[in-house]
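Here is a friendly walk through one protein chain, from its overall fold to a few residues worth finding on screen. Please keep the viewer open as you read.

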Amino acid sequence: MAAGRNRTTERLVGAVFVSALLLNPPILGLFGVEETLLGIPVLYLYVFAAWAAVILLIALGARRISRAARAGRAGPGGEAGGG
């Protein structure tokens, strides 16, 4: 189970790096155009979509950690690790 938790932690760290990349000024500059989509500037749409994607990634990671913690407590005698 420790390997699964370590993997999930690595994914969460990866989500932080992806968020830093997505919200980096040079990347944001690609969307700094005068165009609109449904009347909303493309930059605003990109920022909110990237933000929502990062929140979703972190929520999924937190959900895995929560499930792993519950599974660890479900061992015999209520001890973590089942032993």
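Helices here are DSSP runs of H or I with at least four residues, numbered from the N terminus. A pocket is an open set of grid points with protein on both sides within 12 Å along at least five of seven lines, and its lining residues have an atom within 4 Å of a point. With those terms in hand, please remember that this is a predicted model.

**The chain as a whole**

The secondary structure consists of three helices and two strands. Following the sequence, these elements come in the order α-α-β-β-α. The chain has 83 residues, and 12% of them are buried. About 6,200 Å² of the chain is exposed, with 68% of that area supplied by carbon and sulfur atoms. If you take the contacts between residues at least 6 apart in sequence, 49% of them join residues at least 24 apart.

**The largest pocket**

Which helix gives the most to the lining of the largest pocket? That is helix 1, with six residues. Helix 1 covers residues 2-22, and both this helix and helix 3 supply at least two residues of the lining. The lining is made up of Thr8, Arg11, Leu12, Gly14, Ala15, Val18, Leu57, Leu60, Gly61 and Arg64. The space in this pocket comes to about 160 Å³.

**A nonpolar patch on the surface**

Now turn to the surface, where Leu37, Leu38, Ile40, Tyr44, Leu45, Phe48, Trp51 and Ile55 make a nonpolar patch of about 880 Å². Helix 3, spanning residues 42-73, contributes the largest share of this patch, with five residues. Leu45 is a member of the patch and lies in helix 3. Leu45 counts as partly exposed because its relative accessibility is 31%.

Leu38, also one of the patch residues, sits in the loop between strand 1 (36-37) and strand 2 (40-41). Is Leu38 buried or exposed? Leu38 counts as exposed, because its relative accessibility is 83%. The backbone of Leu38 is worth a look too: its phi is near 60 degrees, a positive value in a residue other than glycine.

**Two more residues of helix 3**

Tyr46 is found in helix 3. Why does Tyr46 count as buried? Its relative accessible area is 14%, and buried means under 20%. Leaving out residues up to four places away in sequence, Tyr46 touches Leu22, Ile27, Leu28 and Phe31.

Val42 belongs to helix 3 as well. With a relative accessible area of 22%, Val42 is partly exposed. Outside the residues up to four places away in sequence, Val42 touches Phe31, Val33, Glu35 and Thr36. Phe31 is thus a partner of Val42 and also of Tyr46.

The table sets out a C-alpha distance for each of these two residues.

| Pair | Apart in sequence | C-alpha to C-alpha |
|---|---|---|
| Tyr46 and Leu28 | 18 residues | 8.2 Å |
| Val42 and Phe31 | 11 residues | 6.1 Å |

To find these places in the viewer, you could start with Tyr46 and its contacts, including Leu22 and Ile27. From there, go on to Val42 and its contacts, among them Glu35 and Thr36. Leu38, in the loop between the two strands, makes a good last stop.

Notes. Residues numbered from 1 in each chain as written. Predicted model: local features only at pLDDT ≥ 70, side-chain atom pairs only at ≥ 80, totals over all residues. Heavy atoms only, no water. Buried < 20%, exposed > 50% of the residue type's maximum accessible area, 1.4 Å probe, protein only. Contact = heavy atoms within 4.5 Å. Areas by Shrake-Rupley, 256 points an atom, 1.4 Å probe, with all protein chains shown as cover. Patch = residues over 30% accessible without salt bridge, like charges linked within 9 Å, V, L, I, M, F, W, Y side chains within 5 Å. Salt bridge = Lys/Arg side-chain N within 4 Å of Asp/Glu carboxyl O. 1 Å grid on protein atoms, 1.4 Å probe; cavity = no way out; pocket = protein on both sides within 12 Å on 5 of 7 lines; lining within 4 Å. Points joined across faces, edges and corners; volume = space filled by probe spheres on them.
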